[in-house]
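Hi,

Here is the structure I promised to pass along. Have a look at it first, and my notes follow underneath.

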Amino acid sequence: MGVLIFLLVVVAALAVLALAMALKIVKQYEQGVLFRFGRLVGTRDPGLRIIIPFVDVLHRVSLRIVTMPIQSQGIITRDNVSVDVSAVAYFRVTDAVKSVIAVENVHAAINQIAQTTLRKVVGQHTLDETLSETDRINLDIREILDVTTAEWGVQVTLVELKDIQLPDTMKRAMARQAEAEREKRAKIINAEGESLAAALGDASDTMMAHPLALQLRNLQSLVEIAVDKNSTVVFPAPLMSTIGELGAFLARETAAATSSAPPSDLTKTIPGPTSNGVPETV
């Protein structure tokens, strides 16, 4: 009797163990790939799935987007500048069967092919292109990876250059270049200002021809002064017209002084005998 009970307990334990091995749960973001005696049977959708223990093997493959950092790579650009470039790649499995059958470890394979592709693409560009055309470089890397990973059932959705490390000597050279560029812009702006200031002579001639324009400009100056709420208000006088009036006044004074002066003594009497005894006047 005791042996029978022991056998029943063993059988029940084995049944529970077999049932636990037969029941598999495939999560919502996964897809199961089922093998029976080493041969592909098919895929299994998310949910509770039953397999035959010791006969079937179920591989669960995640279909979510995977973020994979690409470690920094020492790269020599086309213009012989050594830089260290790191990136990040985003990919997801689109065919669970191919990702299991075509490649042994899909994550390691993508990591290695991404590193070599990064060195290849960046090495075909100059330093300036690497720094300014990152969008085009990212697109080139993604397109090359897509061609290779499509056979593995993987789609690369995005590749982004994350960091570009430059040598210290190159950083100083670029800083000098940026400083020279700023100085050039400052000189150009200064020259343009001088050119525009040269047109002030034409503006002054226009104002002299139209006295009301000069008066309006004076009123505008008063408005600008009044903004500061000063206690003292300065009334600007039309300088050019004042100088003209002063010149006219001096001319009138000079003319008046000349007209009021006594006539000059133009004749003189030179004493001396003459033929008729009368002094000669010259």
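The loop between β2 and β3 (39-44) is where you'll find F37. Before going on: this is a predicted model, so please read everything below with that in mind. F37 has a positive phi of about 55 degrees, although it is not a glycine. Is F37 buried or exposed? It is exposed, with a relative accessible area of 66%.

N80 tells a similar kind of story. N80 sits in the loop between β6 and β7, and its phi is positive too, at about 60 degrees, again without being a glycine. Its relative accessible area comes to 67%, which makes N80 exposed because the cut-off for that is over 50%.

That loop leads on to the sheet. Three strands make it up, in the order β6-β7-β8, with antiparallel pairing, and the sheet is open. The edge strands are β6 and β8, each of which pairs on one side only. From one strand to the next, the twist averages 25 degrees. Between β6 and β7, which run antiparallel, there are 9 bridges; if you want a spot to zoom in on, G74 stands opposite D84 in β7.

Now for the helices. α3 lies across β6, β7 and β8, and runs at about 35 degrees to β6.

α5 has 16 residues and spans 22 Å from its first C-alpha to its last, close to the 22 Å expected at 1.5 Å a residue. Which residues of α5 are buried? They are I137, N138, I141, L145 and T149. Looking down the axis of α5, these buried residues fall within an arc of 100 degrees, so they line one face of the helix. They pack against α3, α4 (127-132) and β8. On the face turned away from the buried side, α5 carries the exposed residues D135 and V147.

Next, the core. The largest nonpolar core has 32 residues, and L118 and I141 touch the most other members. The elements that give it two or more residues are β2 (30-36), β6 (66-76), β7 (82-93), α3 (106-123), α5 (134-149) and β8 (154-165). Which of the elements gives the most to this core? That would be α3, with 7 residues. As general background, nonpolar side chains tend to be buried together in soluble globular proteins.

I141 is a good residue to centre your view on, as one of the buried residues of α5 and one of the two core members that touch the most others. Leaving out residues up to four places away in sequence, I141 touches T117, L118, V121, V159 and L161.

One last residue for you to look at: S99, in helix α2 (residues 96-101). With a relative accessible area of 7%, S99 is buried, because the limit for that is under 20%. What is S99 in contact with, once its neighbours within four places in sequence are left aside? The list is V61, V93, V106 and W152.

Cheers

Definitions and conventions: Residues are numbered from 1 along each chain as its sequence is written. This is a predicted model: local features need pLDDT of at least 70, side-chain atom pairs count only at pLDDT 80 or more; totals for chains, interfaces and linings use all residues. Side-chain values use heavy atoms; hydrogens and water are left out. A nonpolar core is a set of buried Ala, Val, Leu, Ile, Met, Phe, Trp, Tyr and Cys residues joined through side-chain atoms within 4.5 Å. Buried means under 20% relative accessible area, exposed over 50%, partly exposed in between (1.4 Å probe, protein chains only). Helices (H or I, at least four residues) and strands (E, at least two) are DSSP runs, numbered from the N terminus. Contact means heavy atoms within 4.5 Å. Two strands pair if DSSP finds at least two bridges between them. Axes are lines fitted to C-alpha atoms, for helices over the stretch in contact, and angles run from 0 to 180 degrees between N-to-C directions. The expected span of a helix is 1.5 Å times one less than its number of residues. The arc is that of the directions from the helix axis to the C-beta atoms.
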